[in-house]
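Trainee: I should like to understand how the terms used for a structure follow from its values. May we go through some of them in turn?

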Amino acid sequence: MPQVIDIQKEMDTCTFLEGRHIDTPPEELEAAFATLANYRDGGIFAGGFSGVSRWERHRNGDEIVHVLSGATRLTIMSQHATETFDLTTGMMIIVPQGCWHRFESETGVQLITVTPQPTDHTRADDPNKTTRNPSQGT
C-alpha cells in the first residue's frame, strides 16, 4: 500500500541537535531524528544537527544521504583512501557499503538518509585501525 509522508511535519517533531559530538547521548540523537519509514533492511530517517558525528558504517548496503537544507562536510574512509565531500542544500551522495563515514557541520544541516542496518559506530580517530567490535562504541 502506498505511504504518503509529510517530511516537514515529521521533522517538526524533532529537536535540532546543536553541538553534536562523539559522546552525544543516544536519547539526544533519537530526539533529533525521525523515522519516516521502514525500508528493506533499514529505514528512511530525517533530522538536523550541527557539530560532528561519530564514525559509522553500514555493512549490509550503501547509504543514501540527501541534504534538505544547510551544509555538511562528509568524510568517507575506505581501506584505501579517505575522501571529503562538501555537501549543500539539494545535494545527494551515496556512501558505499562498509565504508566508515562521519558528518561535520558548523552551521547546521537537515538531511534525509536511507540507511541499511545494522549500523556500527566508533569513537576511534581511525576506525580502520580499531580492534574492538565497532558497535560496542570504541
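Mentor: Let us start with T115, whose relative accessibility is 6%. Please bear in mind that the model is a predicted one.

Trainee: Why is T115 called buried?

Mentor: Buried means under 20% relative accessible area. T115 has 6%, so T115 counts as buried. This residue belongs to strand β8.

Trainee: What makes the link between the side chains of T115 and E63 a polar contact?

Mentor: The limit for such a pair of N or O atoms is 3.5 Å. The side chains of T115 and E63 are joined at 2.6 Å, therefore within that limit. E63 is also one of the residues that T115 touches, and the others are G42, G43, F45 and H58, leaving aside residues up to four places away in sequence.

Trainee: How do you know that β3 and β8 are paired strands?

Mentor: At least two bridges are required. Ten bridges join β3 to β8, so the requirement is met. The two strands run antiparallel, and I44 has V114 in β8 as its bridge partner.

Trainee: Which other strands pair with β3, and in which sense?

Mentor: Strand β1, residues 17-20, pairs with β3 in the parallel sense over two bridges, with L17 opposite F49. Strand β2, residues 33-39, pairs with β3 in the antiparallel sense over six bridges, and N38 stands opposite G43 there. As for cover, eight of the eleven residues of β3 are buried.

Trainee: What makes F33 and F49 a tilted aromatic pair?

Mentor: Two aromatic pairs are counted in total. In the pair of F33 and F49, the ring centres are 6.2 Å apart and the planes stand at 40°. The distance is within 6.5 Å and the angle is neither under 30 nor over 60 degrees, so the pair is tilted. F33 lies in strand β2 and F49 in strand β3, 16 residues apart.

Trainee: Are these two rings buried or exposed?

Mentor: They are not described alike: F33, at 23%, is partly exposed, whereas F49, at 1%, is buried.

Trainee: Why is the pair of F49 and F103 called edge-to-face?

Mentor: Its planes are 75° apart, with 6.1 Å from centre to centre. An angle over 60 degrees counts as edge-to-face, so the term applies. F49 lies in β3 and F103 in β8, so this pair ties together parts 54 residues apart in sequence. F49 and F103 are both buried, and F33, F49 and F103 form one aromatic cluster.

Trainee: How do you know that R20 lies over the face of F49?

Mentor: R20 is placed over that face at 4.6 Å from the ring centre. The distance limit is 6 Å, so this value satisfies it.

Trainee: What makes the phi of R40 noteworthy?

Mentor: Most residues other than glycine have a negative phi. R40 is not a glycine, yet its phi is positive, at about 50°. R40 is found in the loop between β2 and β3, a hairpin with two residues between the strands. With a relative accessible area of 75%, R40 is over the 50% cut-off and therefore exposed.

Trainee: Where is there a cis peptide bond?

Mentor: The bond from Q117 to P118 is cis, with omega near 5°. P118 lies in the loop between β8 and β9.

How values were computed
Residues are numbered from 1 along each chain as its sequence is written. This is a predicted model: local features need pLDDT of at least 70, side-chain atom pairs count only at pLDDT 80 or more; totals for chains, interfaces and linings use all residues. Side-chain values use heavy atoms; hydrogens and water are left out. Buried means under 20% relative accessible area, exposed over 50%, partly exposed in between (1.4 Å probe, protein chains only). Helices (H or I, at least four residues) and strands (E, at least two) are DSSP runs, numbered from the N terminus. A polar contact is a pair of N or O atoms within 3.5 Å; within protein, one must be able to donate a hydrogen and the other to accept it, and residues adjacent in sequence count only if both atoms are side-chain atoms. Contact means heavy atoms within 4.5 Å. Rings of Phe, Tyr and Trp (its six-membered ring) pair if their centres lie within 6.5 Å; planes under 30 degrees apart count as stacked, over 60 as edge-to-face and the rest as tilted. A charge sits over a ring if NZ of Lys or CZ of Arg is within 6 Å of the ring centre and within 35 degrees of the ring normal.
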